[in-house]
Amino acid sequence: MWVLSPDCPPRTTVESATLSSRLETMADKVIGFLDNRRAFRYFAHMKERIESEYRPKEIVYLAKAATTGPAPLEKIKELADRCDAVIVGVAM
Amino acid sequence: MLGAPESWAFKAEAIEVEDYESAVELFYERNWTDGLAVVPPTPHKVQAMIDYVGRDPSEELGTVPPRHGVVTVEKLAISAVMAGCKCEYFPILLAAFDAMIDSRHNLNGVQTTTHCCVPLLIVSGPIVQQLQINAGWGCFGSGYRANGSLGRAIRLILWNAGGSYPWTVDRSTMAHPGKWTFCIGENTDESPWPSLGTDHGFPEGSNTVTMFSCEAPHSIMTYGTPAEMLLPICRSMATLGTNNSFTCGQSLLVLNPWVARQLDHSGMSKDAVKAYVYEHARVSKKAAQSMGVMHHDAHRKYWPKHIVDSQLDDEPLPIVDGPEHIHIVVAGGERYFSACCPGWGKPGGYAVTREIVLPK
C-alpha cells in the first residue's frame, strides 16, 4: 500500500539563508529599528541608550502598521539599504 | 519515490506501508496529523480528488504562514483525503484556502497569536443543501461528514504547510475546539435576508465560502420580543475581555431562523440589525480602561480617535469598526438560542469571501 506525504516544504529554509556579517561597533553606524508595535516603551529606552553610549551616525526608526503582519517589502529594503544594522521587533 | 510506479506523476513523496493501520501510525510518527487519526491519502484517492476539479495538480495555490509551506492543488487534495472529504467538497476547499490566505485575513497572525481565534468556514448558497452541510440544529457541532471533514481539511493544511504547532510558534494561550474542525453552513432557505455572500458582494444565490477567524460560539438566550432578544445579543457581543471589547475589529452573530424571522417581521432588515447592534453593543471607556491590557496603550493603537480624545469616562466604545463589520448568518435550530463568535479584533482574522467554482 502506498500513501502520499502531506508535507508542504517552504521555498527557503533557515539552513539555506545566509547570515549577514556582525558589526564590531555601533559607533558612527546607521542603526535601524523595525518596531513591531509590541515594543511599547522598550525601543524608546533602547534608542536613548544606543545614542548616548555608542554615538551612532544616525538612527532610522520604522514602526509597522500591524504587529502580526510583515512590514512592506519596500520598507524592509529601505532599512536594508540605509542601515548597517537593524533591531527587529521584540517578543512578548 | 523509490519503488513507486513510474507512471505516477505525483510530486509528493510516496511511502510504501505494510497496511492501513501502519499508514495511520506513520502519520502520527511523522507529525503529519494534529492528534486525530487520518484517512491514509492513497494515490488513487488523491487522484480522484484532483480529477474532480480538473485542475493541474502542480498548480501553486499559495503559501501558509508562518512556515510558508507551498501548497499546490495536489497537496490540498492530500489534506482533503486525510480529512475524509468527498471529492464534491474539494471546490469548497479551493475557495476557502484562497480566502484564508488573503492578506485581509492576516493568517500569519491568526496562526501565531496568543488569542484563541481559529478560522471558521461559513458555506453559503445552494451547495449547502446539495452537499448536506449542516446549517440547522447543532450547526456548530458534530454529526455531519461535510462539516467535520471540510473543517478538518483546513486544519490539516494549516498544520502541514503552516507548521504552527502548539509547542512551537502557535502561541494560542487557550485555543478552542475549533482547532479540530470549524465549519458551518448558512441556512439561506430559512433566512429572510440576503446571504453572507451577498453581503460581501456576490449575487444572491451564489455558492460562496467565507473565512472568519473567531472565538468559539457564545450561547445567547434569544427569546421574547425583538427588543427582548436584542438586549442579550448586544450585551453578549460586548463582553468585557473579548478582543472586540478593547480593540474593535469584527464579530459574527449567528441567529437561528426563528429569531431572524421575528426581527424581520418587526421591520428590521439585516442592515438595521447590524446598525442597532453597532450602536448598542458597547463597552464603557471606563470599564475598558480598567483592564490591565490598557497598560500597553491598546487604546492608542485600536480605538477611534474621538474616543481616545474624549474626556468622558463613560464614553461608549464600539466593539467593531463599523456596522459593516458585524457579520450576520442565519443558522441553527428554531428554538431559544443564538450565538455570537467574537473576532480576534483589530489585529486581523477579518472575513474574506470567495465564490465556489464548480467543475463544468
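Which residue is the bridge partner of Leu4(A) in strand 1 of chain B? The partner is Ala14(B). The model is predicted, and this pairing is a good place to enter it. Strand 1 of chain A covers residues 2–4, and strand 1 of chain B covers residues 14–16. The two strands run antiparallel and are joined by 3 bridges.

Now widen the view to the whole interface. On the side of chain A, 18 residues make contact with 44 residues of chain B. Together the chains bury about 2,700 Å². Carbon and sulfur atoms account for 59% of that area. Within chain A's share, Met1(A), Trp2(A) and Leu4(A) provide 34% of what is buried against chain B. No other three residues supply as much. Leu4(A) thus appears twice, once in this trio and once as the bridge partner of Ala14(B).

Polar links cross the interface too. There are 11 residue pairs in polar contact between chain A and chain B, counting pairs with both residues at pLDDT 80 or more. The side of chain A that touches chain B is made up of 10 nonpolar, 4 polar and 4 charged residues. The interface also holds 2 salt bridges.

Take the salt bridges in turn. Asp7(A) meets Arg67(B), with N to O at 2.9 Å. Arg11(A) pairs with Glu60(B), and their closest N and O atoms are also placed 2.9 Å apart. Glu60(B) sits in strand 2 of chain B, residues 60–64, while Arg11(A) sits in the loop between strand 1 and strand 2 (30–35) of chain A, so this pair joins two chains. How accessible are the two ends? Glu60(B) has 46% relative accessibility, so it counts as partly exposed. Arg11(A) reaches 59%, and therefore counts as exposed.

Asp7(A) leads on to another residue, Asn160(B). Beyond its neighbours within four places in sequence, Asn160(B) is in contact with Pro6(A), Asp7(A) and Cys8(A) from chain A, and with Asn31(B), Trp32(B), Arg67(B) and Met82(B) from chain B. Both partners of the Asp7(A) to Arg67(B) salt bridge are thus among its contacts. Asn160(B) belongs to helix 7 of chain B, residues 145–162. Is Asn160(B) buried or exposed? Its relative accessibility is 2%, so it counts as buried. A polar atom of its side chain lies 3.1 Å from the backbone oxygen of Trp32(B). Trp193(B) is elsewhere: 33 residues separate it from Asn160(B) along the chain, and their C-alpha atoms are 38 Å apart.

Salt bridges also occur within the chains. Over all chains, the structure has 21. In chain A, Glu58(A), Lys75(A), Glu78(A) and Arg82(A) are linked in a network.

Chain B offers a local pair and a distant one. Lys305(B) and Asp309(B) meet at 2.5 Å, N to O. They are 4 residues apart in helix 15 (residues 305–309), so about one helical turn separates them. Lys305(B) is exposed at 62%, whereas Asp309(B) is partly exposed at 41%.

The distant pair is Asp321(B) and Lys346(B), with closest N and O atoms 3.5 Å apart. These residues stand 25 apart in the chain. Asp321(B) is in the loop between strand 10 (316–318) and strand 11 (326–330), and Lys346(B) is in the loop between strand 12 (337–342) and strand 13 (352–355). Asp321(B) is partly exposed at 31%, and Lys346(B) is partly exposed at 29%.

Definitions and conventions
Residues are numbered from 1 along each chain as its sequence is written. Chains are lettered from A and ligands numbered from 1 in the order in which they are written. This is a predicted model: local features need pLDDT of at least 70, side-chain atom pairs count only at pLDDT 80 or more; totals for chains, interfaces and linings use all residues. Side-chain values use heavy atoms; hydrogens and water are left out. Contact means heavy atoms within 4.5 Å. Buried area is the accessible area (1.4 Å probe) that two parts lose on being put together, summed over both. A salt bridge is a side-chain nitrogen of Lys or Arg within 4 Å of a carboxyl oxygen of Asp or Glu. A polar contact is a pair of N or O atoms within 3.5 Å; within protein, one must be able to donate a hydrogen and the other to accept it, and residues adjacent in sequence count only if both atoms are side-chain atoms. Ala, Val, Leu, Ile, Met, Phe, Trp, Tyr, Cys and Pro count as nonpolar, Asp, Glu, Lys and Arg as charged, and the others, Gly among them, as polar. Two strands pair if DSSP finds at least two bridges between them. Buried means under 20% relative accessible area, exposed over 50%, partly exposed in between (1.4 Å probe, protein chains only).
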